[in-house]
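The following pages offer a guided reading of one protein structure. Please keep the sequence and the three-dimensional view at hand while reading.

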Amino acid sequence: FDHRSTGGRRIVSEAKRKVARIAALQAVGWDEGENGRIAGGLKGLRIIVLTNMFDPKDLEKDTNDEKLRSIEKSVRAECDELGDVEKITVFSKHPAGVMVVKFSQPNAASAAVDRFKGRDGCCGRKIEASYWDGVTDYTAHNAEQEERENEKRLDQFGDWLENQELPEEFKLQVES
């Protein structure tokens, strides 16, 4: 949810509304057949986001990614009990300790959200489990470095523009 203030109400993005609507439909029933469709022919939610699964600071000390592989392996084993897992993505540098799990069937994703939500995670924090909204990028970014690179790129572009030689028909012509 977006916490920008609008007279005491929270703004909810259109993507999150859509996810909430489909999650509600998925909760009341789905077709467990091959197509993974839910009521009304909508495609079910198959990608879940797990936060507070690990502390990125702990992973920095892990030089050969042994702890990271162990966490991923245990999550995969638990998720495999619920259904086919297509992919697990670990965002090791994200401060919230994010893992994304993609299932082949929506019912497996629903079961995983129910199983993980509220469990004890790392550092005494509760695991948060939800469906991916299709928009949020969990890649950790270095904002300062990106800003510097963007400034440099804009300066270079400005210099390039100033050094361009305009064709005669585009030059300012003053009539006397």
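The paragraphs below treat the strands, the salt bridges, the aromatic pairs and a surface patch in turn. The model under discussion is a predicted one.

A convenient place to begin is strand β5, which comprises residues 98-103. Five of the six residues of β5 are buried, and the strand is thus described as mostly covered. Strand β5 has pairing partners in β3 and in β4. Strand β3, residues 47-51, pairs with β5 in the antiparallel sense, and four bridges are found between them. Within this pairing, Leu50 has Met99 of β5 as its bridge partner. The pairing of β4 with β5 is likewise described as antiparallel, and six bridges join these two strands. Here Ile88 stands opposite Val101 of β5. Strands β4 and β5 form a hairpin with six residues between the strands. In that hairpin, Gly97 adopts a positive phi near 60 degrees. When strands such as these are inspected, one general point is useful: in a regular strand, side chains alternate between the two faces of the sheet.

The charged side chains may be considered next. In general, side chains of opposite charge can pair when their charged atoms come close. The count of salt bridges in this model comes to seven. One of them joins the side chains of Glu86 and Arg46, with an N to O distance of 3.1 Å. This pair links distant parts of the chain, since Glu86 belongs to strand β4 and Arg46 to the loop between α1 and β3, 40 residues apart. How do the two partners stand with respect to the surface, buried or partly exposed? Glu86 has a relative accessible area of 43% and is therefore partly exposed. Arg46, by contrast, counts as buried because its relative accessibility is 17%, and the limit for a buried residue is under 20%.

A second group of charged residues is centred here on Glu78. Its side chain meets that of Arg115 in a salt bridge of 3.9 Å, N to O. Glu78 lies in helix α3 (residues 66-80) and Arg115 in helix α4 (residues 106-116), so this salt bridge ties together parts that are 37 residues apart in sequence. The side chain of Glu78 also meets that of Arg119 in a salt bridge, with an N to O distance of 2.4 Å. This second pair links helix α3, where Glu78 lies, with the loop between α4 and β6, where Arg119 is found, 41 residues apart. Glu78 counts as buried, because its relative accessibility is 19%. Arg115, at 31% relative accessibility, counts as partly exposed, and so does Arg119, at 32%. Together with Glu81, the residues Glu78, Arg115 and Arg119 are linked in a network of salt bridges.

How many aromatic pairs does a search of the whole structure find? The search finds two. In one, the ring centres of Phe91 and Tyr138 are 6.1 Å apart and the planes stand at 50 degrees, so the pair is tilted. Phe91 lies in strand β4 (residues 85-91), while Tyr138 lies in the loop between β6 (128-131) and α5; the pair therefore ties together parts that are 47 residues apart in sequence. Phe91 and Tyr138 are both buried. In the pair formed by Phe157 and Trp160, the ring centres are 5.9 Å apart and the planes are at 20 degrees, so this pair is stacked. Phe157 and Trp160 are three residues apart in helix α5, and they are therefore separated by about one helical turn.

The stacked pair leads to the surface of the model. Phe157, Trp160 and Leu161 make a nonpolar surface patch of about 330 Å². Leu161 is found in helix α5, which spans residues 143-162. The three residues are partly exposed: Phe157 at 45% relative accessibility, Trp160 at 48% and Leu161 at 44%.

A final site brings together two positions distant in sequence. Glu14 is found in helix α1 (residues 14-28) and, with a relative accessible area of 61%, is exposed. Glu14 and Asp133 are 119 residues apart along the chain, and their C-alpha atoms are separated by 9.6 Å.

Definitions and conventions
Residues numbered from 1 in each chain as written. Predicted model: local features only at pLDDT ≥ 70, side-chain atom pairs only at ≥ 80, totals over all residues. Heavy atoms only, no water. Patch = residues over 30% accessible without salt bridge, like charges linked within 9 Å, V, L, I, M, F, W, Y side chains within 5 Å. Areas by Shrake-Rupley, 256 points an atom, 1.4 Å probe, with all protein chains shown as cover. Salt bridge = Lys/Arg side-chain N within 4 Å of Asp/Glu carboxyl O. Buried < 20%, exposed > 50% of the residue type's maximum accessible area, 1.4 Å probe, protein only. Phe/Tyr/Trp six-rings, centres within 6.5 Å; stacked < 30°, edge-to-face > 60°. Pairing = 2+ DSSP bridges.
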